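These exercises are for a reader who has not met this structure before. Try each task first, then read the solution below it.

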Amino acid sequence: MKKRLKIKNILILINILFLLGCCIFYGYRMIHYYRIENPKIEDVKTLVELVTLGKNLTDNGDGLYHENDMYYYKGKNVNNYLLYSGRLFRIVSIDKSGYMKLITEELQTSMVWGYNQEFENSYVRNWLNDDTDSYKSFLHSLDNTQGLLVNTNTCVDETDGKTITCDKNYESTVGLLSVYEYNLAGASDSYLNIGSYWWTSNKDSDGNAWYVYKKGTVNNDSSSGYTYYSYGVRPTITINGKISNFKGTGTKNDPYEITFDKGKNLNDQYVGEYVLFNDIVWRIQETEEKYVKLASADGIKDKDYILAKYGTKNMYSADYGIGNYLNVTFYNSLKDKDSILLGVFNNGKYDRTNKYDLSKINEYTVTCNIGLLQIGDLFINDVEKYYLATRTLTSDNSIYQVLENGKIYIGNLKEEMKIRPTLHVKPDLKIVSGSGTKDDPYKLG
């Protein structure tokens, strides 16, 4: 009896030790892998480590998914905001090398895709990348690109809108988002649906480029006979996520931000940031050694927006029409005229006659104090229902206008539209306060 009891006690002890060992072993594994997936924030060294923390992952609903060595965001309510070089981006995906693909949150410009061209030969791709001296590219507007930007793969598969694949890619520094990636994110039910018209990177078998409609559906109605439509451009770039100069949590109010030290001169600031000048909020268009180009952020106002007809001629000039108003009445109303420089503004023609070649826009210029924006300029979609300076070849009685949802329209000179002045100022004006946002613009002193 004693022997049986002794054996029983030994077996109980063995079982206890076994269970204790299992608890220690599996408890250690659980803690070990939890720490790997959820490291302390102070232990996170790179941006990609922070973004891909285990607590950020999901396999259901809105959030960050992890499949086949790739992370991608899906759904509407996702915290994938990233601020870089004065622009707000959304993180689309992250590959196994830690490279993060981004798309701008807002339209950067509007233009015709191309004239029966594939993406690699399109006007859009040329505008995105530094391939011409005829106009400033999107890439030219980015700061601190060295060591940060890597080449972007743009999916250029031909699609009928039903069978959507991503087998053929074109590599360049800046690209466009594909229909495949748009659908992967949730299409119209995703963060990518911003209620505007904007180009994707794909075409159909008839040569029509696919674009996202304002309601979030995908359409290929990109031309009507010889007339091609201008829709918005949302560039994609790819950055090396293994960087340590960052902050933020990825929300809209506290986006991930890639940080760099900046000087205090106006031309040390980023394209896309906002400046208060002569009691008007302006958005930085270009920062050059000899000047900084600004465009009014909202159009100019008295109590409400100032509305005006373009004039009797579509050639922009300080001598008549809207140009005379801006260079005489408006200019003389400004307090700090000494900081404004004479600027060269393009006034070229752009339509089917010259196959929508953007380089033709700078064949005609005007030199004056106050000008207007043109097709191909950045942030022309910030304001709705206003005049551009871009003319057409087919009619002297029409001029390009910016409408709603990122659409460009050829309108009549006699319509009353908002006025959005553009000017060049001295580059060494000093920043004394402000954060460069629209609600807290830089103040000059």
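**Exercise 1. Cysteines**

Is C155 buried or exposed? Decide also how C368 should be classed, and give the disulfide count.

Solution. The model is a predicted one.
- Step 1: The relative accessible area of C155 is 1%. Buried means under 20%, so C155 is buried.
- Step 2: C368 has a relative accessibility of 3%. This value is also under 20%, so C368 counts as buried.
- Step 3: For a disulfide, two cysteine sulfur atoms must lie within 2.5 Å. By this rule the count is zero disulfides.

**Exercise 2. The largest pocket**

Which residues lie nearest the centre of the largest pocket, and which strands supply at least two residues of its lining?

Solution.
- Step 1: Start with the volume of the largest pocket, which is about 980 Å³.
- Step 2: The lining of the largest pocket is made of 29 residues. Nearest the centre are L83, G86, L88, Y274 and T437.
- Step 3: Turn to the strands. At least two lining residues come from each of β3 (81–84), β4 (87–94) and β18 (256–258).
- Step 4: Sort the lining of the largest pocket by class. Twelve residues are charged, nine are nonpolar and eight are polar.

**Exercise 3. The second largest pocket**

Which strand gives the most to the lining of the second largest pocket?

Solution.
- Step 1: The volume of the second largest pocket is about 660 Å³. It is lined by 34 residues, and Y135, K136, E286, Y291 and K293 are the closest to its centre.
- Step 2: Two strands, β20 (280–287) and β24 (343–346), each supply at least two residues of this lining.
- Step 3: The strand that gives the most is β24, with four residues.
- Step 4: By class, the lining of the second largest pocket holds 13 nonpolar, 13 polar and eight charged residues.

**Exercise 4. Cavities**

How many cavities of 30 Å³ or more are there, and which residues line the second largest cavity?

Solution. A general point comes before the count: a probe the size of a water molecule, rolled over the atoms, shows where empty space is left.
- Step 1: The count comes to two cavities of 30 Å³ or more.
- Step 2: The largest cavity has a volume of about 50 Å³. Its lining residues include V112, W113, G114, W199, K203 and Y228. Five residues of this lining are nonpolar, six are polar and one is charged.
- Step 3: The second largest cavity holds about 30 Å³ of space. It is lined by S134, Y135, N346, L358, S359, I361, N362 and Q374. Three of these residues are nonpolar, five are polar and none is charged.

**Exercise 5. A hairpin**

How many bridges join β28 to β29, and which residue of the hairpin takes a positive phi?

Solution.
- Step 1: Strand β28 covers residues 398–402 and strand β29 covers residues 408–412. The two run antiparallel and are joined by five bridges.
- Step 2: For one position in the pairing, take Q401, which stands opposite Y409 in β29.
- Step 3: Five residues lie between the strands of this hairpin. N405 has a positive phi near 65°.

**Exercise 6. Positive phi in loops**

In which loops do N278 and F379 lie, and are these residues buried or exposed?

Solution. Most residues other than glycine have a negative phi.
- Step 1: N278 is a residue other than glycine, and its phi is positive, near 55°. F379 is not a glycine either, and its phi is positive, about 60°.
- Step 2: N278 lies in the loop between β19 (274–277) and β20. F379 is in the loop between β26 (370–371) and β27 (386–387).
- Step 3: The relative accessibility of N278 is 15%, so N278 counts as buried. For F379 the value is 0%, so F379 counts as buried.

**Exercise 7. A loop tyrosine**

Where is Y320 found, and which residues does Y320 touch, not counting residues up to four places away in sequence?

Solution.
- Step 1: Y320 is in the loop between β22 (307–308) and α5 (321–333).
- Step 2: Its relative accessible area is 27%. Partly exposed is the class between under 20% and over 50%, so Y320 is partly exposed.
- Step 3: With residues up to four places away in sequence not counted, Y320 touches K313 and M315.
- Step 4: Y310 is ten residues from Y320 along the chain, and their C-alpha atoms are separated by 9.3 Å.

Notes:
Residues numbered from 1 in each chain as written. Predicted model: local features only at pLDDT ≥ 70, side-chain atom pairs only at ≥ 80, totals over all residues. Heavy atoms only, no water. 1 Å grid on protein atoms, 1.4 Å probe; cavity = no way out; pocket = protein on both sides within 12 Å on 5 of 7 lines; lining within 4 Å. Points joined across faces, edges and corners; volume = space filled by probe spheres on them. Nonpolar A, V, L, I, M, F, W, Y, C, P; charged D, E, K, R; others polar. Pairing = 2+ DSSP bridges. Buried < 20%, exposed > 50% of the residue type's maximum accessible area, 1.4 Å probe, protein only. Contact = heavy atoms within 4.5 Å.
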